[in-house]
Amino acid sequence: MRATPLFTGLDARLPALREIYQDLHAHPELAFQEVRTAGVVAKLLRAQGWEVTERVGGTGVVGVLGASAGPVVLLRADMDGLPVLEATGLPYASTRTGVDADGAEVPVMHACGHDMHVTCLLGATALLAANRDAWRGTVVAVFQPAEEVSGAQAMIDDGFRERFPRPDVCLAQHVAPIPAGVAATRPGVVMGASDSFFVRLFGRGGHGSAPENTVDPVVMAAALVMRLQTVVSREVGANQAAVVTVGSLHSGTKENIIPDTAEMRIDIRSSDPAVRTRVLASVERIVRAEALAAGAPKEPEITPLNSFPLTLNDTGATATATAGLEAVLGEGRVWTLPQPITGSEDFGAFGASMGVPSVFWFLGGAEPGLFPDPSPAVPAGAGLPPGVPYNHSPLYAPLQDPTIELGVRALLGAAGQWLVRGGAG
């Protein structure tokens, strides 16, 4: 395999990488608050010999290392944790809290595996620095803040394109609840678009014993939650994909007081631009119509929160990267997803902003023995076996072994298709 020289010294580094992973897992930080994590990353990169720039897009860190003239490869890992109370029971489980964007104190956990992404990329950067004679070109290692709230765009807005070498390809991976030792990807759309909104419904408060004198926003909100379920079931074709989720609903303070307002947060996923346009319009129509039907004293407020475009894999670059992944993981161990994942990512913003190809893949991090019939249909929506938690679960924690080692190998195997002499590019 062409990228083999890049792996020299990996076995000796694995104990330190496990320590890094456990430390990061125990110390998660919310989006745009990754100060400690960024400090750990910057210190290690400098010790490895990288040119390091900190505070890119807030708390982002970028390392640049050039071996010689040749292709430029961007490798990205995201750093932020989530407001989730960890329930894994791990000895290095997080007990940390943070303050969210609304000023509330919340538990914080690496419930999406971003600590694994950082660890794997740090392993890859260490080997790239130690084996400079084995590759050509330049690597841009991006440790991105706030993937959950579009931190990639924050880095781009902070002059990323002007400040760092323009890549020939952008590569990234995401640990997923598929068997360890497997990767999954596809050309074209690999992850869906995401749009989220904050909705405030207005009623007229009063005494719980006299609802006839009020306009009850709780009833309005409850009716809206149920009505929104018809967007996908009745307005999206059976051969199309969309998800509408009400993830937060708050109203009132006491059982005998009808409040004035109700607040909701709505999340929408789609994998086709036309479907996205239709679903967004339907959600807004239903929110406004439900308020009108309830006799609300004023129009609801609908405020956009986050928006992520489709994650698009370049066809040619995906074939090249897949060859590198197969060389690392073995024949038949790189699945082709039959359809896009409904989750969303902002990684594609880097390639799109610079007009260069991107490749994004999923890296298995779950116990293989829990999958009696492993297949690409599992991550594509067939449902997980019992005992396999999904990302964002309080129980989510990928296996350290062999995920760390294979994550490092996957990054270098894919990147090596461009960087190793005689490889692609």
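**Close-up 1. A salt bridge within helix H7 of the predicted model**. Arginine 288 and glutamate 284 both belong to helix H7 (residues 273-294), where they lie four residues apart, about one turn of the helix; helices here are DSSP runs of H or I with at least four residues, strands are DSSP runs of E with at least two, and both are numbered from the N terminus. The two side chains meet in a salt bridge of 3.1 Å, N to O, a term that requires a side-chain nitrogen of Lys or Arg within 4 Å of a carboxyl oxygen of Asp or Glu. Arginine 288 counts as partly exposed at 28% relative accessibility, and glutamate 284 is partly exposed with a relative accessible area of 37%, given that buried means under 20% relative accessible area, exposed means over 50%, and partly exposed lies in between (1.4 Å probe, protein chains only). The structure is a predicted model, in which local features need pLDDT of at least 70 and side-chain atom pairs count only at pLDDT 80 or more, while totals for chains, interfaces and linings use all residues. Residues are numbered from 1 along each chain as its sequence is written, and side-chain values use heavy atoms, with hydrogens and water left out.

**Close-up 2. A salt-bridge network that includes Arg76 and Asp78**. Salt bridges that share partners join Arg76, Asp78, Glu345 and Asp346 into one network. Within this network, the side chains of arginine 76 and aspartate 78 meet at 3.6 Å, N to O, and both of these residues are buried.

**Close-up 3. A salt bridge between helices H1 and H2**. A search of the whole structure finds 17 salt bridges, and one of them joins the side chains of aspartate 23 and arginine 36 at 2.8 Å, N to O. This pair links distant parts of the chain, with aspartate 23 in helix H1 (residues 10-26) and arginine 36 in helix H2 (residues 35-48), 13 residues apart. Aspartate 23 is partly exposed, with a relative accessible area of 24%, and arginine 36 is partly exposed as well, at 30% relative accessibility.

**Close-up 4. The packing of helix H3 against helix H11**. Helix H3 (residues 114-130) and helix H11 (residues 403-419) pack at an angle of about 55 degrees, with their axes 8 Å apart; the axes are lines fitted to C-alpha atoms, for helices over the stretch in contact, and angles run from 0 to 180 degrees between N-to-C directions. That angle makes H3 oblique to H11, since angles under 35 degrees count as roughly parallel, over 145 as roughly antiparallel, 65 to 115 as roughly perpendicular and the rest as oblique. The residues in contact (heavy atoms within 4.5 Å) include Met116, Leu121 and Leu128 of H3 and Ile404, Val408 and Leu412 of H11.

**Close-up 5. Strands E1, E2 and E6 in an open sheet**. The sheet has eight strands in the order E1-E2-E6-E3-E7-E18-E8-E17, with mixed pairing, where two strands pair if DSSP finds at least two bridges between them. Its edge strands, each pairing on one side only, are E1 (51-56) and E17 (334-336). Four bridges join E1 to E2 in an antiparallel arrangement, and E2 (residues 60-66) also pairs with E6 (residues 138-144) in the antiparallel sense, over six bridges. Glycine 63 of E2 is the bridge partner of valine 52, and this glycine also stands opposite alanine 141 in E6. In the hairpin of E1 and E2, which has three residues between the strands, glycine 57 takes a positive phi near 65 degrees.
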